[in-house]
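Good morning, everyone. Please look at the screen while I talk you through one structure.

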Amino acid sequence: MPELPEVEVVRRGLERWVTGRSVASADVLHPRAVRRHLAGGEDFARRLTGLRFAAPLRRGKYLWLPVDDAPFAVLAHLGMSGQLLVQPGEAPDEKHLRVRLRFADELGTELRFVDQRTFGGLSLHDTGPDGLPDVIAHIARDPLDPLFDEDAFHQALRRRRTTVKRALLDQSLISGVGNIYADEALWRSRLHYDRPTATLTRPRSAELLTHIRAVMTAALDVGGTSFDSLYVNVNGESGYFDRSLDAYGREGEPCRRCGTPIRRRPWMNRSSYFCPRCQRPPRATG
DNA sequence: CCTAGAACCTGCGAGC
DNA sequence: TGCTCGCAGGTTCTAG
């Protein structure tokens with residue numbers, strides 16, 4: 001389940017293994033993987049051929065490969081199960097291989113987009129003056145972006161008539177946070193997921209943001225140790241998930257602060273994990 | 001404009 | 001053994 005830290009690990013891998021390489025050919029093996037490329041898979045493959053990639057960039061869960069000296073970029077989103085792999089050309093195709101890019105050099109490796117559930121995909125888009133692909137102009141800066149506007153974030157929370165976890169997952173307010181890191185940050189902040197955002201004081205929202213950054217940085221430190229290899233890989237199964245989660249996936253296990261069993265609640269067609277003692281639900285208001 | 005909820009997709013494991 | 005069903009959840013679209 002790639003969220004910001006996992007996508008950043010992939011970006012670093014691409015930076016090392018793909019920057020500066022030119023595309024010799026592109027194969028689209030599943031049309032759904034390029035559905036955001038509205039002109040279709042054939043157009044995608046034809047336009048990519050011959051392009052040379054600059055260093056990859058990321059905002060939230062999106063990453064993109066800008067094209068050298070041209071105002072467009074190959075945009076990637078991993079969805080739920082997407083992977084970008086740099087593989088030897090002779091490696092057997094993965095079961096869920098969706099797109100293959102071969103390069104015009106002698107390194108012998110190719111870039112593969114593999115995605116079991118095809119929520120993710122690749123597409124080619126124009127980039128604006130800021131270098132951002134046009135279709136993600138609505139995605140907010142993420143909490144690790146030096147230009148993230150903390151004051152604007154707080155004001156937006158105060159203005160919204162919604163609850164705090166909904167707000168954290170709203171990529172137009174803050175990007176890169178998914179279900180896992182939302183639950184982790186709320187646990188660290190002792191906030192219940194149904195707390196109305198309008199009730200958050202400035203110190204509380206600042207504390208929440210600090211915890212979001214801390215949990216993401218911790219995950220990045222773990223996941224980031226594996227990027228220095230031939231294979232650019234992401235699958236959400238980094239060591240961080242085995243050892244370090246405090247709330248997510250821990251139903252029935254003791255809260256690491258107070259020992260109360262962690263609870264799971266159905267929430268928005270998914271789950272929220274929380275400590276019923278540390279994270280008290282808000283009082284119902286009329 | 002704002003917010004809530006459904007749809008998209010496939011593999012896996014539990015239960016019968 | 002083999003079937004059904006719930007679950008995983010980021011993004012986009014639609015309804016209200």
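A polar contact is a pair of N or O atoms within 3.5 Å. Keep that cut-off in mind. Also keep in mind that this is a predicted model.

Let's start with DNA strand C. Which residues come nearest to it? There are 18 residues around the strand, and the nearest are His77, Met80, Phe119, Asn179 and Tyr248. Sugar and phosphate make up 59% of the strand C atoms that come within 4 Å of the protein.

Now the bases. Arginine 270 has an N or O atom in its side chain 3.1 Å from a base nitrogen of DNA strand C. That pair is a polar contact, because the cut-off is 3.5 Å. Arginine 117 also reaches a base of this strand: a polar atom of its side chain lies 3.0 Å from a base nitrogen. Tyrosine 62 goes to the backbone of the DNA instead. An N or O atom of the tyrosine 62 side chain is 3.3 Å from a phosphate oxygen of strand C.

Where does this surface come from? Strand β10, residues 270-274, gives the largest share, with three residues. By type, the surface near DNA strand C has six nonpolar residues, seven polar and five charged.

On to DNA strand B. The residues around it include Arg32, His96, Gln116, Arg117 and Asn269. Phe119 is also on that list. Here, sugar and phosphate account for 74% of the strand B atoms that come within 4 Å of the protein. The surface near strand B divides into one nonpolar, five polar and five charged residues.

Let's take three phosphate contacts in a row. Arginine 160 has a side-chain N or O atom 3.2 Å from a phosphate oxygen of DNA strand B. Arginine 161 uses its backbone: a polar backbone atom sits 2.7 Å from a phosphate oxygen of the strand. Threonine 162 has a polar side-chain atom 3.4 Å from a phosphate oxygen of strand B.

Next, the record. Which residues does UniProt list under "binding site"? An unreviewed UniProt entry gives His96, Arg117 and Arg160. They spread over 65 residues of sequence, and in space they are up to 40.2 Å apart between C-alpha atoms.

Look at two of them. Histidine 96 is in the loop between β5 (82-88) and β6 (97-103). Its relative accessible area is 24%, so histidine 96 is partly exposed. Setting aside neighbours within four places in sequence, histidine 96 is in contact with Phe113, Val114, Asp115 and Gln116.

Arginine 117 is in the loop between β7 (109-115) and β8 (121-126). With a relative accessible area of 43%, arginine 117 is partly exposed too. Again leaving out neighbours within four places in sequence, arginine 117 is in contact with Met80 and Ser81.

Last topic: the cysteines. How many disulfides does the structure hold? Zero. Cysteine 255 is in no disulfide, and its nearest cysteine sulfur, on cysteine 275, is 3.7 Å away. Why does that pair not count? Because a disulfide needs the two sulfurs within 2.5 Å. Cysteine 275 is in no disulfide either; its nearest cysteine sulfur, on cysteine 258, is 3.6 Å away.

Are these two buried or exposed? Cysteine 255 is buried, at 4% relative accessibility. Cysteine 275 is buried as well, at 0%.

That's my tour. Thank you.

Key: Residues numbered from 1 in each chain as written. Chains lettered and ligands numbered in written order. Predicted model: local features only at pLDDT ≥ 70, side-chain atom pairs only at ≥ 80, totals over all residues. Heavy atoms only, no water. Buried < 20%, exposed > 50% of the residue type's maximum accessible area, 1.4 Å probe, protein only. Near = heavy atom within 4 Å. Polar contact = N/O pair within 3.5 Å; in protein donor to acceptor, adjacent residues only side chain to side chain. Helix = DSSP H or I, 4+ residues; strand = E, 2+ residues; numbered from the N terminus. Nonpolar A, V, L, I, M, F, W, Y, C, P; charged D, E, K, R; others polar. UniProt positions renumbered as here; feature names shortened; annotations may be inferred. Contact = heavy atoms within 4.5 Å.
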